[in-house]
Each structure stands twice: as structure tokens, then as C-alpha cells.
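Q: I'd like a close look at one spot in this model, followed by how that spot fits into its surroundings. Here is what I'm looking at.

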Amino acid sequence: MMTVLRFDPFTADLDTVTRQLLGAGLGTTRAPRFMPVDLFKTGDHYVLLADLPGVDPGSVDVNVDNGTLTLTAERTSRNDDDVQWLSSERFSGTYRRQLSLGDGIDTDKISATYENGVLTVTIPVAERAKARRIEVAHAASGAQPQPTIESTVSEGTGSTS
């Protein structure tokens, strides 16, 4: 059995240039790639959990504008010039995630907490959008409602001859 290894010097060089242009070198500031979130519904509200380990709690911002929920946070990088980086895989910079909210959300009552690197956003369902039971009125058993007819008779004034 023979194993063939492929090496393409052009691809390797292109990958290196791309990493350098995107700031992916060691010890450099790199833009965060994503903010992983979980979203679930429990009872009459939704819960969004976003992983934001190591971000400054003061930089966390939750904002609702025109039906769009925007989550923003920032992780600052170390600015030690005398550090010799051996590995730098943690992203620093601004994280941002936007989600569209439906019409049935009570945007005035959205709340958020940040604890142990997890942002928890509670999104309540609006009262008008909650499921509810509608009572059905029943007529008395065996009796059918009779329509009411009102008539008016106008008396004319006339002369007889």
C-alpha cells in the first residue's frame, strides 16, 4: 500500500498571507469569530444563553431596536510588549450578535444578567401572544333562541269621503 502526500506550496503561502492579513499571528489582536448561543422556551418566556468568557462585565450591552435584539461585549487583549508569545488562540475585540424578535415579544420586559462568563437574556412573551382558552357560549338545552322581530306600524292621517 502506498500513501501519497500532497503538498501545494501555493496553498501554504496563500494560507500564511491570509493569516497575516487577518491578524491571526501570535500575540496579535484578532477579531472574535462568533458568540455561541443557546435559545429555548420555558413557560411564557424565552431564554437566551450566550458564552462570553473573559469579557469585561462593563462592556456587555443588550439592546432592542425595531424588533432586533443586539448583544455586544468586548474582551481586551494583553498589551505587554515584553511578552514572548508561544501561543495566542483566545480572541480579543468586540463580539456582536443580532437576532430578530417576533411580534409576540414584550420588549419592555426583557432582562439580562452576566455571571461566570455566561450572558442570560430573558425574553418574555407578550400577553396578547400567549395561548389562551376561549369560552364557547351555549344556548339553554332543548330551547332554541327565537329571533326578536320588532315592527313599527305607522298610522296615516287621511280623510274619508
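Which residues does Asp 106 touch, not counting residues up to four places away in sequence?

A: Asp 106 touches Pro 124, Val 125 and Ala 126, once residues up to four places away in sequence are left out; contact here means heavy atoms within 4.5 Å. Before we go on: this is a predicted model, so local features need pLDDT of at least 70 and side-chain atom pairs count only at pLDDT 80 or more, while totals for chains, interfaces and linings use all residues. Numbering starts from 1 along each chain as its sequence is written, and side-chain values use heavy atoms, with hydrogens and water left out.

Asp 106 sits in the loop between E5 and strand E6 (111–115). For the labels, helices (H or I, at least four residues) and strands (E, at least two) are DSSP runs, numbered from the N terminus. Asp 106 counts as buried because its relative accessibility is 19%; buried means under 20% relative accessible area, exposed over 50%, and partly exposed in between (1.4 Å probe, protein chains only).

One of its contacts, Pro 124, belongs to strand E7 (residues 118–124), so let's follow that strand. Strand E7 pairs with strand E2 (residues 45–51) in the antiparallel sense over seven bridges; two strands pair if DSSP finds at least two bridges between them. Within that pairing, Tyr 46 has Ile 123 of E7 as its bridge partner. E7 also pairs with E6, again antiparallel, over five bridges, and here Ala 112 has Val 121 of E7 as its bridge partner.

The hairpin of E6 and E7 has two residues between the strands, and Asn 116 takes a positive phi near 55° there. Asn 116 is a residue other than glycine, lies in the loop between E6 and E7, and counts as exposed because its relative accessibility is 75%.

Step back a little, and E7 turns out to be part of an open sheet of four strands, in the order E1-E2-E7-E6 with antiparallel pairing. At its edges are strand E1 (37–42) and E6, each pairing on one side only. Neighbouring strands of this sheet are turned by 15° against each other on average, direction ignored; such angles run from 0 to 180 degrees between N-to-C directions, with axes as lines fitted to C-alpha atoms (for helices, over the stretch in contact). E1 and E2 run antiparallel and are joined by six bridges, with Asp 38 standing opposite Leu 49 in E2.

On the other side of the Asp 106 loop comes E5, which takes you to another open sheet, three strands in the order E3-E4-E5 with antiparallel pairing. Strand E3 (61–65) and strand E5 (93–100) stand at the edges with a single partner strand each, so one side of each is left without a neighbour in the sheet. The average turn between neighbouring strands is 20° in this sheet, direction ignored. Strand E4 (residues 68–75) and E5 pair in the antiparallel sense over eight bridges, and the partner of Thr 70 in E5 is Gln 98.

This part has its own positive-phi residue: Asn 66 shows a phi of about 55° although it is not a glycine. Asn 66 is in the loop between E3 and E4 and, at 78% relative accessibility, counts as exposed.

What about the interior? The largest nonpolar core has 18 residues, and those with the most contacts inside it are Leu 52, Leu 69, Leu 71, Leu 119, Val 121 and Ile 123. A nonpolar core here is a set of buried Ala, Val, Leu, Ile, Met, Phe, Trp, Tyr and Cys residues joined through side-chain atoms within 4.5 Å. E2, E4, E5 and E7 each supply at least two residues of this core. Take Leu 71: leaving aside its neighbours within four places in sequence, its contacts include Leu 48, Ala 50, Tyr 95, Leu 99, Leu 119 and Val 121.

For the whole protein, there are one helix and seven strands, running α-β-β-β-β-β-β-β from the N terminus on. Buried residues make up 21% of its 161 residues. Of the contacts with a separation of 6 or more, 53% come from residues 24 or more positions apart.
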